[in-house]
Amino acid sequence: MSLRDYFIAHAPAEPQPWFSPDMPPKPKRLSVSSFFHYDAAKREQLRCLCDFGEDSGYPIHRDVLEAERLISQSNDDCERWESDYVKQRCIQWPAAWADAVLAERLRGLPQ
């Protein structure tokens with residue numbers, strides 16, 4: 001067993017506040033205002049159309065449906081990323097702790 005393996009096995013159970021796992025950037029959460037840059041009245045009309053849905057009998061513009069689909073997808077992507085962040089924080093933490101301890105020990109050695 002190497003010294004790094006020892007420190008990995010004895011890392012604190014809870015990751016420290018300074019630790020952040022190595023992950024791709026967090027996806028951007030989209031909203032209706034990301035797609036439509038209208039005045040307040042037009043935005044309210046679009047919000048109402050989105051609230052009524054397809055089976056309400058009101059015509060919905062294709063752009064609104066596409067925006068709704070993209071917003072839903074971006075929300076799903078953000079939720080998946082946040083869930084993966086929690087997992088990766090626990091998985092990557094012991095090795096990061098071991099590397100930090102070894103780096104500190106090496107810094108204390110005479111040159």
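**View 1. Ser72 in helix α4.** Ser72 belongs to helix α4 of this protein, shown here as a predicted model. With a relative accessibility of 38%, Ser72 counts as partly exposed, because that class covers values between the 20% limit for buried and the 50% limit for exposed residues. In sequence, Ser72 and Ser31 are 41 residues apart, while their C-alpha atoms are 9.1 Å apart in space.

**View 2. Ser74 and its partners.** Ser74 also has its place in helix α4. Is Ser74 buried or exposed? Its relative accessible area is 6%, so Ser74 is buried, the limit for that class being under 20%. When neighbours within four places in sequence are set aside, Ser74 is in contact with Lys28, Arg29 and Leu30.

**View 3. Lys28 in the loop between α1 and α2.** Lys28 is part of the loop that links helix α1 to helix α2, the latter spanning residues 32–35. A relative accessible area of 64% makes Lys28 exposed, since the class begins over 50%. Which residues does Lys28 touch, leaving aside its neighbours within four places in sequence? The contacts are with Ser74 and Cys78. Between Lys28 and Ser74 the C-alpha separation is 7.0 Å, although their positions lie 46 residues apart along the chain when counted as sequence separation. The pair thus brings together an exposed residue, Lys28, and a buried one, Ser74.

**View 4. Arg89, a buried charged residue.** Arg89 is found in helix α4, which covers residues 62–108. Arg89 is buried, yet has no salt bridge. What is the nearest side chain of opposite charge, and how far away is that side chain? Glu14 is the residue in question, at 5.2 Å from Arg89; a salt bridge would require a distance within 4 Å, so this pair does not qualify. Apart from neighbours within four places in sequence, Arg89 is in contact with Pro15, Gln16, Pro17, Phe19 and Pro21.

**View 5. Ala9 in helix α1.** Ala9 lies in helix α1, which comprises residues 3–9. Ala9 counts as exposed, at 54% relative accessibility. Along the sequence Ala9 and Ala98 are 89 residues apart, and from C-alpha to C-alpha they are 8.7 Å apart in space.

**View 6. A nonpolar surface patch.** Met1, Leu3 and Tyr6 make a nonpolar patch of about 370 Å² on the surface. Leu3, one of these residues, lies in helix α1. At 41% relative accessible area, Leu3 is partly exposed, and Leu3 can therefore belong to the patch, for which over 30% is required.

**View 7. The whole protein as context for the close-ups.** The protein has four helices and zero strands, and from the N terminus on its elements run α-α-α-α. Of its 111 residues, 21% are buried. The exposed area is about 8400 Å², of which carbon and sulfur atoms supply 56%. Among contacts between residues at least 6 apart in sequence, 85% join residues at least 24 apart. The mean pLDDT is 80, and 68% of the residues reach 70 or more. Which elements have the lowest and the highest mean pLDDT? Helix α3, residues 40–52, has the lowest value, 60, whereas α1 has the highest, 93.

Conventions
Residues numbered from 1 in each chain as written. Heavy atoms only, no water. Patch = residues over 30% accessible without salt bridge, like charges linked within 9 Å, V, L, I, M, F, W, Y side chains within 5 Å. Areas by Shrake-Rupley, 256 points an atom, 1.4 Å probe, with all protein chains shown as cover. Helix = DSSP H or I, 4+ residues; strand = E, 2+ residues; numbered from the N terminus. Buried < 20%, exposed > 50% of the residue type's maximum accessible area, 1.4 Å probe, protein only. Contact = heavy atoms within 4.5 Å. Lys, Arg positive; Asp, Glu negative; His and termini not counted. pLDDT = per-residue confidence, 0-100.
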